[in-house]
Amino acid sequence: MKKSKWLATLLVSVLALTGCGSKNDKNASEVLDAARKQMNELSNYSMKMEMKMGIKAEGMTMEIPVVVDAKIDAKSKTGKMTTTASMFGMESTTEGYTQVVDGKTITYSKGNYEFDGEQVWTKETSEDETNYNEFVAITKFGTKLEKKKSDDKNADHYQVTISKEKMKELMSESSSLMGDMDFESANIKNDVVLDIYVDKESNYITKLSMDLKDVISMEDTEVAMEISECSLTFTFSDFDKVGTITIPEDVVTSAIDQSDDWNYDDPEITNPEI
(Lines give C-alpha, C1' and ligand atoms only; values in the text may rest on other atoms or scores of the structure.)
Protein backbone atom coordinates (compact mmCIF):
# COMPACT_ATOMS: atom_id res chain seq x y z
CA MET A 1 0.00 0.00 0.00
CA LYS A 2 3.00 2.26 0.40
CA LYS A 3 2.97 3.18 -3.30
CA SER A 4 -0.33 4.97 -2.85
CA LYS A 5 1.11 7.48 -0.40
CA TRP A 6 2.49 9.79 -3.09
CA LEU A 7 -1.11 10.54 -4.08
CA ALA A 8 -1.86 11.65 -0.56
CA THR A 9 1.15 13.96 -0.70
CA LEU A 10 -0.03 15.32 -4.02
CA LEU A 11 -3.42 15.99 -2.50
CA VAL A 12 -2.14 17.82 0.53
CA SER A 13 -0.11 20.01 -1.84
CA VAL A 14 -3.16 20.84 -3.95
CA LEU A 15 -5.36 21.42 -0.94
CA ALA A 16 -3.22 24.36 -0.05
CA LEU A 17 -4.45 26.05 -3.20
CA THR A 18 -7.94 26.61 -1.86
CA GLY A 19 -10.14 28.80 0.30
CA CYS A 20 -13.86 29.16 1.15
CA GLY A 21 -17.06 30.84 -0.02
CA SER A 22 -19.29 33.79 0.86
CA LYS A 23 -22.93 34.76 0.46
CA ASN A 24 -21.98 38.30 -0.52
CA ASP A 25 -21.49 39.58 -4.06
CA LYS A 26 -17.73 39.29 -3.95
CA ASN A 27 -15.70 37.95 -6.83
CA ALA A 28 -14.33 34.43 -6.58
CA SER A 29 -10.85 35.55 -5.59
CA GLU A 30 -12.12 37.65 -2.69
CA VAL A 31 -14.39 34.81 -1.57
CA LEU A 32 -11.56 32.30 -1.47
CA ASP A 33 -9.20 34.71 0.25
CA ALA A 34 -11.78 35.28 2.99
CA ALA A 35 -12.36 31.57 3.28
CA ARG A 36 -8.66 30.82 3.64
CA LYS A 37 -8.50 33.16 6.61
CA GLN A 38 -11.53 31.52 8.22
CA MET A 39 -10.18 27.99 7.72
CA ASN A 40 -6.81 28.97 9.14
CA GLU A 41 -8.53 30.07 12.34
CA LEU A 42 -9.94 26.58 12.97
CA SER A 43 -8.59 24.82 16.05
CA ASN A 44 -9.71 21.35 14.93
CA TYR A 45 -11.81 19.51 12.34
CA SER A 46 -12.45 16.13 10.68
CA MET A 47 -11.20 15.22 7.21
CA LYS A 48 -12.00 12.21 5.03
CA MET A 49 -10.02 11.39 1.92
CA GLU A 50 -11.31 8.92 -0.64
CA MET A 51 -9.05 7.84 -3.48
CA LYS A 52 -9.98 5.60 -6.39
CA MET A 53 -7.05 4.46 -8.50
CA GLY A 54 -6.84 1.96 -11.34
CA ILE A 55 -3.64 0.73 -12.99
CA LYS A 56 -3.29 -1.29 -16.21
CA ALA A 57 -0.16 -3.38 -16.72
CA GLU A 58 0.56 -6.43 -18.89
CA GLY A 59 -3.10 -6.85 -19.81
CA MET A 60 -4.32 -6.74 -16.22
CA THR A 61 -6.21 -4.00 -14.37
CA MET A 62 -5.74 -3.40 -10.65
CA GLU A 63 -8.02 -1.15 -8.60
CA ILE A 64 -6.72 0.43 -5.40
CA PRO A 65 -9.38 2.21 -3.31
CA VAL A 66 -8.03 4.07 -0.28
CA VAL A 67 -10.01 5.81 2.47
CA VAL A 68 -8.38 7.96 5.16
CA ASP A 69 -10.46 9.15 8.13
CA ALA A 70 -8.59 11.84 10.06
CA LYS A 71 -9.16 14.04 13.08
CA ILE A 72 -6.95 17.12 13.05
CA ASP A 73 -6.10 19.15 16.16
CA ALA A 74 -4.39 22.09 14.49
CA LYS A 75 -4.02 23.98 17.76
CA SER A 76 -1.80 21.34 19.37
CA LYS A 77 -0.36 20.20 16.02
CA THR A 78 -1.58 16.64 16.45
CA GLY A 79 -3.52 14.35 14.13
CA LYS A 80 -5.20 10.95 14.40
CA MET A 81 -6.06 8.86 11.35
CA THR A 82 -7.26 5.47 10.16
CA THR A 83 -6.31 4.37 6.63
CA THR A 84 -8.10 1.53 4.84
CA ALA A 85 -6.79 0.25 1.50
CA SER A 86 -7.69 -2.69 -0.73
CA MET A 87 -5.61 -4.60 -3.23
CA PHE A 88 -6.25 -7.96 -4.93
CA GLY A 89 -9.38 -8.38 -2.82
CA MET A 90 -7.45 -8.01 0.43
CA GLU A 91 -8.14 -5.12 2.80
CA SER A 92 -5.67 -3.63 5.24
CA THR A 93 -6.18 -1.02 7.94
CA THR A 94 -3.51 1.19 9.48
CA GLU A 95 -3.93 3.35 12.57
CA GLY A 96 -1.78 6.42 12.99
CA TYR A 97 -0.95 9.59 14.88
CA THR A 98 1.19 12.56 13.89
CA GLN A 99 2.59 15.28 16.12
CA VAL A 100 4.92 18.22 15.67
CA VAL A 101 7.59 18.43 18.37
CA ASP A 102 10.45 20.96 18.31
CA GLY A 103 9.95 21.65 14.60
CA LYS A 104 9.97 17.95 13.62
CA THR A 105 7.05 15.70 12.68
CA ILE A 106 6.74 12.38 14.52
CA THR A 107 4.50 9.72 12.96
CA TYR A 108 3.24 6.68 14.86
CA SER A 109 1.73 3.81 12.84
CA LYS A 110 0.16 0.44 13.60
CA GLY A 111 -0.82 -2.10 10.97
CA ASN A 112 2.23 -2.21 8.71
CA TYR A 113 4.44 -4.60 10.71
CA GLU A 114 4.13 -7.55 13.07
CA PHE A 115 6.39 -8.97 15.78
CA ASP A 116 5.73 -12.45 17.17
CA GLY A 117 2.44 -12.48 15.26
CA GLU A 118 1.12 -9.24 16.76
CA GLN A 119 0.84 -5.84 15.14
CA VAL A 120 3.17 -3.28 16.69
CA TRP A 121 3.39 0.49 16.76
CA THR A 122 6.29 2.04 14.87
CA LYS A 123 7.72 5.53 15.06
CA GLU A 124 9.24 7.65 12.31
CA THR A 125 10.63 11.20 12.63
CA SER A 126 10.81 13.73 9.82
CA GLU A 127 12.99 16.83 9.99
CA ASP A 128 10.17 18.83 8.38
CA GLU A 129 7.37 20.44 10.36
CA THR A 130 3.88 19.53 9.18
CA ASN A 131 1.56 22.47 8.71
CA TYR A 132 -1.83 21.11 9.76
CA ASN A 133 -3.66 23.95 8.00
CA GLU A 134 -1.56 23.67 4.86
CA PHE A 135 -4.54 22.83 2.70
CA VAL A 136 -6.06 26.32 2.92
CA ALA A 137 -3.02 28.35 1.96
CA ILE A 138 -3.06 28.59 -1.78
CA THR A 139 -5.42 30.69 -3.87
CA LYS A 140 -2.39 32.62 -5.11
CA PHE A 141 -1.09 29.62 -7.05
CA GLY A 142 -4.16 29.19 -9.25
CA THR A 143 -3.81 30.34 -12.85
CA LYS A 144 -7.56 30.27 -13.37
CA LEU A 145 -10.47 30.63 -10.95
CA GLU A 146 -14.15 30.26 -11.82
CA LYS A 147 -17.49 29.89 -10.09
CA LYS A 148 -19.47 26.93 -11.43
CA LYS A 149 -23.06 25.69 -11.20
CA SER A 150 -23.28 23.65 -8.03
CA ASP A 151 -24.89 20.21 -7.75
CA ASP A 152 -25.14 20.75 -3.98
CA LYS A 153 -27.96 23.05 -2.89
CA ASN A 154 -26.13 23.84 0.36
CA ALA A 155 -22.77 24.75 -1.18
CA ASP A 156 -21.28 27.03 -3.83
CA HIS A 157 -18.94 25.43 -6.38
CA TYR A 158 -15.63 26.92 -7.51
CA GLN A 159 -12.86 25.60 -9.76
CA VAL A 160 -9.18 26.42 -9.42
CA THR A 161 -6.71 25.51 -12.17
CA ILE A 162 -3.10 24.90 -11.16
CA SER A 163 -0.40 24.80 -13.81
CA LYS A 164 1.54 21.57 -14.20
CA GLU A 165 4.77 23.48 -13.46
CA LYS A 166 3.42 24.71 -10.13
CA MET A 167 2.03 21.25 -9.39
CA LYS A 168 5.47 19.67 -9.90
CA GLU A 169 6.99 22.28 -7.59
CA LEU A 170 4.39 21.62 -4.89
CA MET A 171 4.91 17.89 -5.13
CA SER A 172 8.64 18.20 -4.63
CA GLU A 173 8.26 20.55 -1.66
CA SER A 174 5.25 19.20 0.16
CA SER A 175 4.94 17.11 3.29
CA SER A 176 1.84 15.14 4.23
CA LEU A 177 -0.02 14.07 7.29
CA MET A 178 -0.19 10.70 5.60
CA GLY A 179 3.48 10.29 4.79
CA ASP A 180 5.90 11.35 2.07
CA MET A 181 6.43 9.38 -1.11
CA ASP A 182 9.04 9.26 -3.86
CA PHE A 183 7.71 11.10 -6.94
CA GLU A 184 10.28 9.90 -9.44
CA SER A 185 7.82 7.47 -11.07
CA ALA A 186 4.99 10.03 -11.35
CA ASN A 187 4.83 12.69 -14.05
CA ILE A 188 2.46 15.66 -14.12
CA LYS A 189 1.68 16.10 -17.82
CA ASN A 190 -1.30 18.51 -17.68
CA ASP A 191 -2.69 21.29 -15.52
CA VAL A 192 -4.72 20.23 -12.46
CA VAL A 193 -8.35 21.30 -11.98
CA LEU A 194 -9.56 21.34 -8.38
CA ASP A 195 -13.29 21.53 -7.54
CA ILE A 196 -14.07 23.38 -4.30
CA TYR A 197 -17.41 23.27 -2.49
CA VAL A 198 -18.16 25.92 0.12
CA ASP A 199 -21.06 25.80 2.56
CA LYS A 200 -23.39 28.75 1.95
CA GLU A 201 -24.15 29.28 5.63
CA SER A 202 -20.89 28.56 7.46
CA ASN A 203 -18.48 29.57 4.66
CA TYR A 204 -16.30 26.52 5.41
CA ILE A 205 -14.94 24.20 2.76
CA THR A 206 -17.03 21.03 2.77
CA LYS A 207 -15.56 19.18 -0.20
CA LEU A 208 -12.58 19.19 -2.55
CA SER A 209 -12.30 16.86 -5.51
CA MET A 210 -10.21 16.27 -8.62
CA ASP A 211 -9.89 13.80 -11.46
CA LEU A 212 -6.22 13.08 -12.20
CA LYS A 213 -6.64 10.33 -14.79
CA ASP A 214 -5.49 12.51 -17.67
CA VAL A 215 -3.10 14.54 -15.53
CA ILE A 216 -0.51 12.08 -14.28
CA SER A 217 1.48 9.23 -15.84
CA MET A 218 3.90 6.69 -14.43
CA GLU A 219 7.52 6.64 -15.55
CA ASP A 220 10.73 4.83 -14.61
CA THR A 221 8.88 1.65 -13.62
CA GLU A 222 10.10 -1.87 -14.40
CA VAL A 223 6.77 -2.72 -16.04
CA ALA A 224 4.93 -0.36 -18.39
CA MET A 225 1.90 0.96 -16.51
CA GLU A 226 -1.11 3.04 -17.50
CA ILE A 227 -3.39 4.85 -15.07
CA SER A 228 -6.96 3.88 -15.95
CA GLU A 229 -8.59 5.79 -13.07
CA CYS A 230 -7.44 8.30 -10.50
CA SER A 231 -9.90 10.43 -8.57
CA LEU A 232 -9.60 12.08 -5.18
CA THR A 233 -12.24 13.53 -2.90
CA PHE A 234 -11.82 15.29 0.45
CA THR A 235 -14.74 16.07 2.74
CA PHE A 236 -14.47 18.30 5.82
CA SER A 237 -16.73 18.45 8.87
CA ASP A 238 -16.87 18.85 12.67
CA PHE A 239 -15.39 22.34 12.49
CA ASP A 240 -14.04 23.18 15.98
CA LYS A 241 -15.96 20.18 17.38
CA VAL A 242 -13.20 17.52 17.44
CA GLY A 243 -11.55 18.80 20.60
CA THR A 244 -8.03 18.05 21.81
CA ILE A 245 -6.24 14.98 20.43
CA THR A 246 -3.78 13.26 22.75
CA ILE A 247 -1.53 10.38 21.69
CA PRO A 248 -1.91 7.53 24.24
CA GLU A 249 1.12 7.06 26.48
CA ASP A 250 1.37 3.35 25.66
CA VAL A 251 1.70 4.20 21.95
CA VAL A 252 4.54 6.63 22.64
CA THR A 253 6.43 4.28 24.96
CA SER A 254 5.99 1.06 22.98
CA ALA A 255 6.58 2.34 19.43
CA ILE A 256 9.65 0.89 17.69
CA ASP A 257 11.83 3.62 16.20
CA GLN A 258 12.31 2.87 12.49
CA SER A 259 15.59 4.77 12.47
CA ASP A 260 17.19 2.11 14.73
CA ASP A 261 18.70 -0.44 12.33
CA TRP A 262 15.37 -0.93 10.56
CA ASN A 263 15.58 -3.62 7.84
CA TYR A 264 12.86 -3.45 5.18
CA ASP A 265 14.42 -5.99 2.82
CA ASP A 266 15.07 -9.03 5.01
CA PRO A 267 12.01 -11.30 4.56
CA GLU A 268 12.66 -12.95 7.91
CA ILE A 269 12.72 -9.71 9.89
CA THR A 270 9.62 -7.54 9.79
CA ASN A 271 10.69 -5.59 12.89
CA PRO A 272 14.01 -5.00 14.64
CA GLU A 273 14.81 -7.14 17.64
CA ILE A 274 13.15 -6.01 20.85
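# A tour starting at Asp-238

Asp-238 is partly exposed, with a relative accessible area of 33%. Select Asp-238 as the starting point; the model on screen is a predicted one. Asp-238 belongs to the loop that runs between strand E13 (226-237) and helix H4 (249-254). Its backbone has a positive phi of about 55 degrees, although Asp-238 is not a glycine.

**The whole chain**

Zoom out and colour by secondary structure: the chain has 4 helices and 14 strands. Of its 274 residues, 44% count as buried. Take the contacts between residues at least 6 apart in sequence: 64% of them join residues at least 24 apart.

**The sheet**

Now show the strands alone. Twelve strands form an open sheet with mixed pairing, in the order E7-E8-E10-E11-E13-E1-E2-E3-E4-E5-E6-E14. Its edges are strand E7 (144-148) and strand E14 (256-257), each of which pairs on one side only.

Select E1 and E13 within this sheet. The two strands run antiparallel and are joined by 11 bridges. One place to look is Ser-46, whose bridge partner in E13 is Ser-237.

Next, pick Met-47, which is found in strand E1 (residues 44-57). Is Met-47 buried or exposed? Met-47 counts as buried because its relative accessibility is 5%, under the 20% cut-off. Add Ala-70 to the selection: its C-alpha atom is separated from that of Met-47 by 5.1 Å, while the two residues are 23 apart along the chain.

**The helix across the sheet**

Select helix H2 (28-40). H2 lies across E7, E8, E10 and E11. Relative to E8, H2 runs at about 100 degrees.

**Nonpolar cores**

Show the side chains of Ile-196, Leu-212 and Phe-236. In the largest nonpolar core, which has 40 residues, these three touch the most other members. Which elements give two or more residues to this core? They are H2, E1, E2, E3, strand E8 (155-162), strand E10 (192-199), strand E11 (205-211) and E13. E1 supplies the largest share, 6 residues.

Another core, of 7 residues, lies apart from the 40-residue one. To find it, select Tyr-97, Tyr-108, Ile-247 and Val-251, which are among its members.

**Aromatic rings**

Return to Phe-236 and add Phe-234; both residues are buried. The structure holds 4 aromatic pairs. Why is the pair of Phe-234 and Phe-236 called stacked? Their ring centres are 6.3 Å apart and their planes stand at 10 degrees, so the pair counts as stacked; the limits are centres within 6.5 Å and planes under 30 degrees apart. Add Tyr-45 to the view: ring pairs link Tyr-45, Phe-234 and Phe-236 into a cluster.

For a charge over a ring, move to Tyr-197. Lys-207 lies over the face of Tyr-197, at 4.5 Å from the ring centre.

**Last stop: Lys-77**

Finish at Lys-77, in the loop between strand E2 (60-73) and strand E3 (78-87). Lys-77 is not a glycine, yet has a positive phi of about 60 degrees. Lys-77 is partly exposed, its relative accessible area being 35%. For a comparison on screen, select Asp-238 again: Asp-238 has a positive phi of about 55 degrees and a relative accessible area of 33%.

Conventions. Residues numbered from 1 in each chain as written. Predicted model: local features only at pLDDT ≥ 70, side-chain atom pairs only at ≥ 80, totals over all residues. Heavy atoms only, no water. Buried < 20%, exposed > 50% of the residue type's maximum accessible area, 1.4 Å probe, protein only. Phe/Tyr/Trp six-rings, centres within 6.5 Å; stacked < 30°, edge-to-face > 60°. Lys NZ or Arg CZ within 6 Å of the ring centre and 35° of its normal. Core = buried A, V, L, I, M, F, W, Y, C linked by side-chain atoms within 4.5 Å. Pairing = 2+ DSSP bridges. Contact = heavy atoms within 4.5 Å. Axes fitted to C-alpha atoms, helices over the stretch in contact; angles between N-to-C directions.
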